[in-house]
Structure formats: structure tokens, C-alpha cells
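Morning, everyone. Please look at the model on the screen while I go through how its chains meet.

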Amino acid sequence: MSQYTVAFAGNPNTGKSTLFNLLTGMRQHTGNWAGKTVISAEGEFTHKDHQYLAVDLPGTYSLYSNSADEEAARDYIIFEQPDVTLVVLDATSLERNLNLALQVLEITGRTVICINLIDEARRLGIDINLKKISKRLGVPVVAISARNKIGIEALLDQVELVATSVVTAPPLRITYNDEIERGIAELTPMVEQTIGSMYPARWIALRLLDGDDSLLTSLKANMNSKGKALPGTKEVLGHGVTACH
Amino acid sequence: MTATVIPIPLSEALNGSRLRISGIEVQGVLRRRLLDLGFVVGNAVEVLRRSPLGDPTAFRVSNTTIALRREESSLIYGELIGGAET
Amino acid sequence: MESPHVTKGMDTLDSLLARAKKLADGGAIRDEIVGGIYGVSSGICADAITYQDKKRLNSTYKLDNIVTSKIWGFPIMLAILGVVFWITIAGANYPSGWLASFFGFIEGYLTTGFQAVHAPDWLHGVLVLGLYRGTAWVISVMLPPMMIFFPVFALLENFGYLPRVAFNMDRLFKKSGGHGKQALTMSMGFGCNAAAILSTRIIESPRERMLAILTNNFVPCNGRWPTLILLASLFMSGAAATGTMRTLTTASVLMGMVLIGIIVTLSVSWVMSKTALRGVPTHYTLELPPYRRPQIWKTILISSKEKSLNVLTRAIVVAAPAGIITWILGNIFVGGESVLNHMAAFFDPFAHLLGMDGFIIMAFILGLPANEIVLPILLMGYMSSGSLVDVDSLGSIKDIFLEHGWTWLTALNMMLFSLLHYPCGTTLVNIYKETKSMKWAVLSAVIPLGIALVVTFAVAQLAQLFGWV
């Protein structure tokens, strides 16, 4: 009965949609989510005993550049909190692709890293040590070829482990330079106090340091709507606001 | 390190030359975008080729190929580390 | 649940950001953050990835040396465009004919069936001559070229050629004030303008995105390809042309149409960026992905399924009722003439100035919901009004046109009008949704319409002035 949500994130042109279509059997329909106008595809697939709702996020290079696509992908991962975020990477340009993976991992540890186009990489003479990457990132890393259907079962096994919380990991902690770390240290407790434990405080502190206004806007909108969803909270919310005026 | 190497804008580098990025004189969203694409200080860039009409120019960076117009590439500076001479 | 602290959220967040901004103290921190992530990423890569041979890694780009070279870049682009058209026309010719005869064959049985049950004439007219024929037309004329054009185009797309086109042509777009990625959204327009409007999201600057939206219509979409292909092959191939020559001329005429579309796109972009959409070109970054061998069969299957059938369904859904309406209009007589004829006669004087006739203009007007149905409506209009030609082969379409006084000029101007006139209803709705501005939605219909009128008028007048017709 229970259905897990799997969000597909990745750079443009990594074969993310190929994988998506493969898993969902091309039964693509487009749907809007989180009040965004950016269209993303949704589909369903089953693996072993579980049903999954796959959400194809827009392909982006980063989550930080404030284009509509990136904000949409970012907001989905933070606010919709999918059970698994599947980050699809291009094996032939991992160096750049990993940036996105790291950005996602800073938000959530409920992540599976999927290195696509592995056959292409082998053909080009690129050897990738998955174990090492997995160790550094703290989450499962699977190499696949979506177009030649290599490694799909193994990937879904890992997705299942993360979805069912058999494998868990905290958000990845990247250590920045002293100045940034001091800022984060100062902001994190305040963030926790303000927005509670719903969202990763360290990450939000980092984004605030980066001056990410759009995240703040989304955060407000989301807390507003979440507040409305919970009648009890709404009341208190009203108090909070009036108290400040 | 060496005082003799003078950074040149990527737009001035010849096809085939390799540079190490030493500075990016852009602000705002574009800077962000360039960083995302691998135009990060310290990273190596190879000048691949110009478009048939002379601009934009394709660069090889982080194992990917990115095309930039002169407007952007003239604001990214790098030190020659190999390839064609200027 | 959550602590009551949550509640303070709204205003505290703002003060948090202000505080954070003070801490960050200038812009350097952004670089440091990205630099930090980048450092980790390259650390992992250095640790976990080994390259056997760096040279081999760059080998996939060797093709770029030719495809984007000074000498071959543009000739190859044109050649590929020509080959795509050639394959489409050459390949679609026969299946279209077969489908037409097949549907004609079935129509005979349907008519016999209607007669057998003594169905009233009007019912046979509405259902068989209107609905069935209209639908059959759409399928036999549109399906084969789409089944070839879309997959071939999708193969090119999957191979990675389109970004190279954008790379080659960027200078032109820059000169005209647009964004290099406009070349990509134009390519999408070949498939469907309505979808291409959504794809303009890849252009971040609102000004340049608006240019891409306003001009996308000048790329002929699948709804207009059948019209262009059919008219080009019937009227533009000259008298002597047969077989290969005929296909070649048709392909060149189509290429000419695309080039005209590109020229108009660049000109309109230029004018707009000098007037209503003034501004400096924003930043531009374009990734040239490695070439990848497309999965041929899968690509063909997906593009046939996703594109051709979707478009066809859309066409039939709109064409079926349009077929009925056209038949009814053609068979209700007021003062000895059908309503359809009255309407056509109304547009006739104006249409003749443009080198066309009232039926064509009417077809374009009724075809607003979907360009796919312009040609079917026109044919149904002709058939229901004039002598009923039994159309079971494509050759007889030309007879219908000739019977209504068509010349090469009529065909050319209908092609030009089809290429340039307003986008279809779906596209306009998408433009409105995307820009949230009635002004731009209206302008994106009015500007092309104005250009279409001016161009066809000029061509018609010139041709008549020089006595070419």
C-alpha cells in the first residue's frame, strides 16, 4: 500500500529522463507541483514489494543559481521532502556533476547517487571507484547505464534501502573555510529556533550566509501554507505575527 | 609565485592553449553560473575553438565543453600553462 | 508537534537574513562556498577516478572540428536540413497515397452501408462526407510525413547536433539582440510551437525570452509541415519534374521556407530589441554535450508514439467537428448559394489582393485552434461547394486546387501565409500563461499576422505587376 516518493535530480543531459522513462515505462504525464509553473513529469514504478512515485525534477547544474528551474528543484527537495532523492550523474563528467550531488547531500541524506552512462565512461577509458565515492559521500552509489539497462536492479535495491530507512545517513557536512564556519556556527542555533527541526538548519544557515533571498521567500511561503494545513499551528501563528506588530 | 606570468582574459587566448583561471571579474548571477560550470579560480581551461562566425568560443573545463561569448570570456582571467603561444 | 518557536518564523527570518548578510560582508563568501564544494568534488574525483587516456576522452569532440568549422559549419547545417526534408518527402509520398486509397476504399463501403440501411442523405453527408472524409484526410496527408520527420529530427537531437547549431548561429542572434539559445527553442518549434513556448524557459533573461516567444511562430511546426510539403510538391516542382528531381525541388522549396522563417525571426528580433524590448544582451553559457550514438529504434518508437500520435490525435479531435461544421456550412443554402460560399465570397476580394482566395482565408481563420486543420478545411470547403470530386489519390488534390483557379502564386502565398501568420490557439494560450500578459499574447498574434499580410500582398502584387501569373 505505502508508496514512496523518489525525486530525480541531475544535471541537464545526464540521461535522467531516459532512466525516468525506463522505470516508469514511458507513462509520462506532466504535473505541476508545489505551486510552481515549471512542468515536471511524474510516473509510477514498482520494485519488489513497494510502489514508488517518481518525480522528474528539471535538469540543473546547481541548486544555487536562482533560475526558475533550480528554485523549483531545490524547493521540491526541501519542502516536499521526497523519501529518496536520486541524483543522476554523468559518468563522463563527474567532476562537475558531483557539485550538484554535494549540494543535494547537504540538504538530505536520504539520497542515492546514480552514476549513469557508465558504459560510455568505460569506453572512454574512465575508471570510477564507486566504493571510494560512496564512502566519501556516506550514501549508496550505483553505476548504471539507463539506455542499455545495466545496473537498474542494483539501483532500485539501494533506492528501496533508503526509502525504507534501512540505510540512513545524516546530511553531508562539508567543512568550509573558517569565516564561513564561524558564520554557520553563529546562525545555526538561531535558524533552529526560528524554523524548528523541519529543515536542515546548517544548510539553511549556509544559504542565508550566501544571501539567498529566493530561498527565504520559498521558506516563508511554505511555512505559511504548512501553517494553514495544521489548524492548531495556524492559531499560534496568528499570535506570533500580531505579537510582533 | 612567479611574477612573470601575466593573466590574460580567456577571450584573448589562442585556440589550443591551456590556462589556469586566476580571476573572474563578473558579479551576480553570471558569476554563480560560471562557478557552477567549473570556471573556478585554480581550475584549468582549454580553449577549443571559435564558432564559424568568430564568436562564441568553446572551452573545455572539468571534462565538459562550454561555449561563452566574448562578453563573458573577456572577464575571466587565466595564466597560460600550455598549448599554443599567444 | 513543532515547537511554538516556529510561529515567530515570518519576521524573524528576515532579521536572520539581514544578520547573515552582515556576517557575509560582501560577495566573496559566495565564491568560498562554491569553492568549498568544488574542492570536495575534485578531491573525490582525484581519489576515485582514473583516466586511462585523456586523449580518448576528447575524441568525441573531434567531429566538432568539422561540424563547427569556419568552412563546413554552415554548409553542413544546410545540407542536414535539406537531407531531413528530402527523406521526409521521398519517404512520405507513397504511404500517403496508400492511406488515401485505403480510406477511399473504406468510404465506398461506408456509403454502401448507409444506403443499405436507408440512412437519410444528410446523415451520410455529415458523417461520411464531413466527419469521415475530414478525418481521413488529416491522417493520410499528415501521418506519413510526421512519422518520418519527427524521428529523424529526434535522432539528430539525441545525437547532440542541435547545440552545435546554436553555437554556429549565436553571432546572428546576438546581432539581432536575442539569445543564442533562441536557436534551440526554434528547433523545438519545428516540432510544436506550443511546446517550444514552454522550452523558452531555458532563456533566463525575460527580455530575450520574450523575443524567443514572439518569433517562435516563424518556425513552421508540425501542424504546418503537411501544408507546406503538400503544396510544395504539388505546385513548386515545375512541369517537367518527376521522381528524384521533384523531391529535390520540393526539398529546396521547403528549405527556402525555413530560411525565410529564420530571416524573419532575426529581423523581428532585431526590430523588437531596438524598440519595445530594448536592452543589453544578458550572459550566455551553452554546453556542447558529447556526441552520443542515439538508440535508433527506441528514438523512433518514442518520437512516433509521443509526438506523431499526439499531434495526430489533436488534429483529429479538432478536425472531426470542423469537418462536420464545414460540411453543414457547405450544404445549407441561402439564396441559392451555400453559407460556405457566401463566406468565401465575402473574403474573396481581400484575399485576391494577397494572391489567395476566400476559401483559403476562411480556412486559416477556422484553423486558429490548430494549424493541422487548415488544409483539410480548405479541401472540404472546395469539395462541398464545387463539383464533388472523388478523391482517392493525392494527385487528384491538385485537380481540386486547379479547378478553383490555383496557380503557383496561390500555392506560394498560401505557404508564405502559413509560415508567417499567427500561431495556433494552443500556442497563444501558452504564451499568455507564460508571459501573464494579454498585451504580449495579442502582439504575438498581431505581429506575425501583419508580416504575413504584408509579405503575401507584396508577392502577389509584384507577381501580377511583372505578369508572372
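Helix 7 of chain C, residues 162-175, lies across strand 3 (44-50), strand 4 and strand 5 of chain B together with strand 2 of chain C. The helix runs at about 145° to strand 2 of chain C. Helices (H or I, at least four residues) and strands (E, at least two) are DSSP runs, numbered from the N terminus. Axes are lines fitted to C-alpha atoms, for helices over the stretch in contact, and angles run from 0 to 180 degrees between N-to-C directions. Contact means heavy atoms within 4.5 Å.

This is a predicted model, in which local features need pLDDT of at least 70, side-chain atom pairs count only at pLDDT 80 or more, and totals for chains, interfaces and linings use all residues. Residues are numbered from 1 along each chain as its sequence is written, chains are lettered from A and ligands numbered from 1 in the order written, and side-chain values use heavy atoms, with hydrogens and water left out.

Helix 1 of chain B, residues 28-37, lies across strands 2, 4 (57-61), 5 (64-68) and 6 of chain B and strand 2 of chain C, at about 20° to strand 2 of chain C.

Now the sheet. It is open, with seven antiparallel strands in the order 1(B)-6(B)-2(B)-3(B)-4(B)-5(B)-2(C). Strands pair if DSSP finds at least two bridges between them. Strand 1 (8-9) of chain B and strand 2 (285-287) of chain C are at the edges with a single partner strand each, so one side of each has no neighbour in the sheet. Inside chain B, strand 2 (18-24) and strand 6 (76-82) are joined by six bridges, and B:Leu19 stands opposite B:Leu80.

Next, chains C and A. Which residues does the contact take? From chain C, 57 residues, and from chain A, 67 residues. Together the two chains bury about 6000 Å², 62% of it on carbon and sulfur atoms. Buried area is the accessible area (1.4 Å probe) that two parts lose on being put together, summed over both.

There are three salt bridges between chain C and chain A, a salt bridge being a side-chain nitrogen of Lys or Arg within 4 Å of a carboxyl oxygen of Asp or Glu. One of them joins A:Arg136 to C:Asp47, with the closest N and O atoms 3.5 Å apart.

Strand 7 (126-128) of chain A also pairs with strand 1 of chain C, antiparallel, over three bridges. There, A:Ile126 has C:Tyr51 as its bridge partner.
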